[in-house]
Amino acid sequence: MIVEVMRGEAGETLATQLAAKGAAQDLRCGGRGVCGRCRVKLLEGEWESDGKRAGVPGYALSCRTKLLSERGVVEAESVCARDSTSVKWKTSPMPVSESAVIGIDIGTTTLAAVKVVRGEVAASAGSFNPQYRYGDNVISRINAAASDLEGLRRCVTDACFALAERLGLEGVPRVAVSGNTVMSCLFHGVDPSSIGVWPFTPPRLRFEPVSDLFGGIPVYTVPCVSGYVGGDITAGLGEVGLRPGEMLVDIGTNCEIVFCTDSGMVCTAAAAGPAFEGAGLGFGVRASDGAVDHYFGEGRFSCIGGGAPRGICGSAYVDFLAVERASGRLNDFGRFDPPADFMAISGSVGVSERDIEQLLKAKAAVHAGIVSLEEYCGATASKIYLAGGFAEFLDIRNAVAIGMLPDRVYERVGNTSLAGAARLACDPDEMGRLERLAEAPREVSLNTIESFQDNFIDSMLLP
């Protein structure tokens, strides 16, 4: 997209100016200029990049570039314009409220919102979480909060308000939000620093309704379980209604797991990292137009939106590992056979052995987290509910084949975080039940489970 910008305040980067124009870019490295994802083409104007004059036309990283002239024009790819957001769920019907209400899921990467009228979803909207300019994961956001907590708060509250406005706020008596603990803290302007250091104590798990964000409309927040098991999981518990022997798993940068046993619920979180969201991979992208979403081998694949692929999203990486392992072109250590550094999928888009190393770590964390919690509880899950957008597109058979998921009975339940927020907005009396659910799981840290390290190492292999 072509974007015109005007010279801003001294020291303001092009990345900041583009974000203000609604064209926020992929700044997964936190603006340090090392990931290369914010590359733009400078078309008009005078520019400085990394302290040196940048030629026009020419290419530069927006996070390291400043406009020197009064006006400039660039060609940039906006992640806000192309990122997809899951607004579907598969749970019980919503309560029928007298007025239209709005529920919002505050994800680390994306925001999703729905307007519910008389128990039915009447409209939906989604956008990129603009906090991405501070980094692509909760640790980056925690670190950034030490110097710019207010900036992080305004980022997410303004974006949520914009979504709500798109859906229509007239006559809406309530809004409810749900997110992981760090996102919930930042939404309320609460410093989450204590979550980032041992013993990972959250500054707050409950949040009082606020009415100064959406023009006087009260905003409710789903309560959290612990520092790394947030309100998104509380909402999921409320939607799924786990019975003994059942497990809820939300696979993301943090893989959150809750196991319901005969003696109560136990929860944990495994650091899967952002590989399944495309971060740190040569051609990794999110599920959006131009992304290869499924891979079938021998040059066969599907691409979101059709056309030539620009990258590969997480579900296709899982397919790639499964298909090429079955074909014999990948050995159990994830090395190409015959030896190679890279395998093309289409044109220059493909997978490197370095990519595979990152994927093996991510899939090992998920598998080891699930089976280690089962071993800790002395039981095997009879059924596992998979929540979240990534699970929606995941080929479960391939995930089992590569040892990412253990061989169990699975059911996808969609964006239960958004469903829980919508339900709370429909019926604020739901808060009492959610608070009881948030208090129910007993948290166990994976590094205290004796078998976790061995399980993780074993899970690094491809079966």
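Guide: In this predicted model, a pocket is an open set of grid points with protein on both sides within 12 Å along at least five of seven lines, and its lining residues have an atom within 4 Å of a point.

Visitor: Which residues lie nearest the centre of the second largest pocket?

Guide: The second largest pocket holds about 640 Å³ of space. Its lining is made up of 25 residues. Those nearest the centre are Phe200, Tyr228, Asn254, Ala269 and Ala271.

Visitor: Which element gives the most to the lining of the second largest pocket?

Guide: Two elements, α3 (138-167) and β16 (264-271), give two or more residues to this lining. By class, the lining has 15 nonpolar, 9 polar and 1 charged residues. The top contributor, with 4 residues, is β16.

Visitor: What is the volume of the largest pocket?

Guide: Its lining has 44 residues, and the closest to the centre are Thr109, Thr110, Glu277, Gly389 and Phe390. By class, that lining has 13 nonpolar, 22 polar and 9 charged residues. The volume of the largest pocket is about 960 Å³.

Visitor: Which element gives the most to the lining of the largest pocket?

Guide: The elements giving two or more residues are β8, α4 (181-187), β15 (254-261), α6 and α8 (389-393). The one that gives the most, with 4 residues, is α8.

Visitor: β8 also belongs to a sheet. Which residue in β11 is the bridge partner of Asp105?

Guide: The sheet is open and mixed, with 6 strands in the order β10-β9-β8-β11-β13-β12. Within it, β8 (residues 101-106) and β11 (residues 175-179) run parallel and are joined by 5 bridges. The partner of Asp105 in β11 is Ser178.

Visitor: Which helix lies across β8, β9, β11 and β13?

Guide: The edge strands of this sheet are β10 (120-128) and β12 (210-214), each pairing on one side only. The helix in question spans residues 416-426 and runs at about 150 degrees to β8. That helix is α10.

Visitor: In the sheet of 3 strands, which residue of β18 does Tyr295 stand opposite?

Guide: This sheet is open, and its order is β18-β17-β19. Strand β17 (residues 291-297) runs antiparallel to β18, and 4 bridges join the two. Opposite Tyr295 in β18 stands Phe301.

Visitor: At about what angle does α6 run to β17?

Guide: Helix α6 (residues 314-327) is among the elements giving two or more residues to the lining of the largest pocket. It lies across β17 and β19. Its angle to β17 is about 15 degrees.

Technical notes
Residues are numbered from 1 along each chain as its sequence is written. This is a predicted model: local features need pLDDT of at least 70, side-chain atom pairs count only at pLDDT 80 or more; totals for chains, interfaces and linings use all residues. Side-chain values use heavy atoms; hydrogens and water are left out. Two strands pair if DSSP finds at least two bridges between them. Contact means heavy atoms within 4.5 Å. Axes are lines fitted to C-alpha atoms, for helices over the stretch in contact, and angles run from 0 to 180 degrees between N-to-C directions. On a 1 Å grid over the protein atoms alone, a cavity is a set of points where a 1.4 Å probe fits but cannot get out, and a pocket is an open set with protein on both sides within 12 Å along at least five of seven lines; lining residues have an atom within 4 Å of a point. Grid points are joined across faces, edges and corners, and a volume is the space filled by probe spheres set on the points. Ala, Val, Leu, Ile, Met, Phe, Trp, Tyr, Cys and Pro count as nonpolar, Asp, Glu, Lys and Arg as charged, and the others, Gly among them, as polar.
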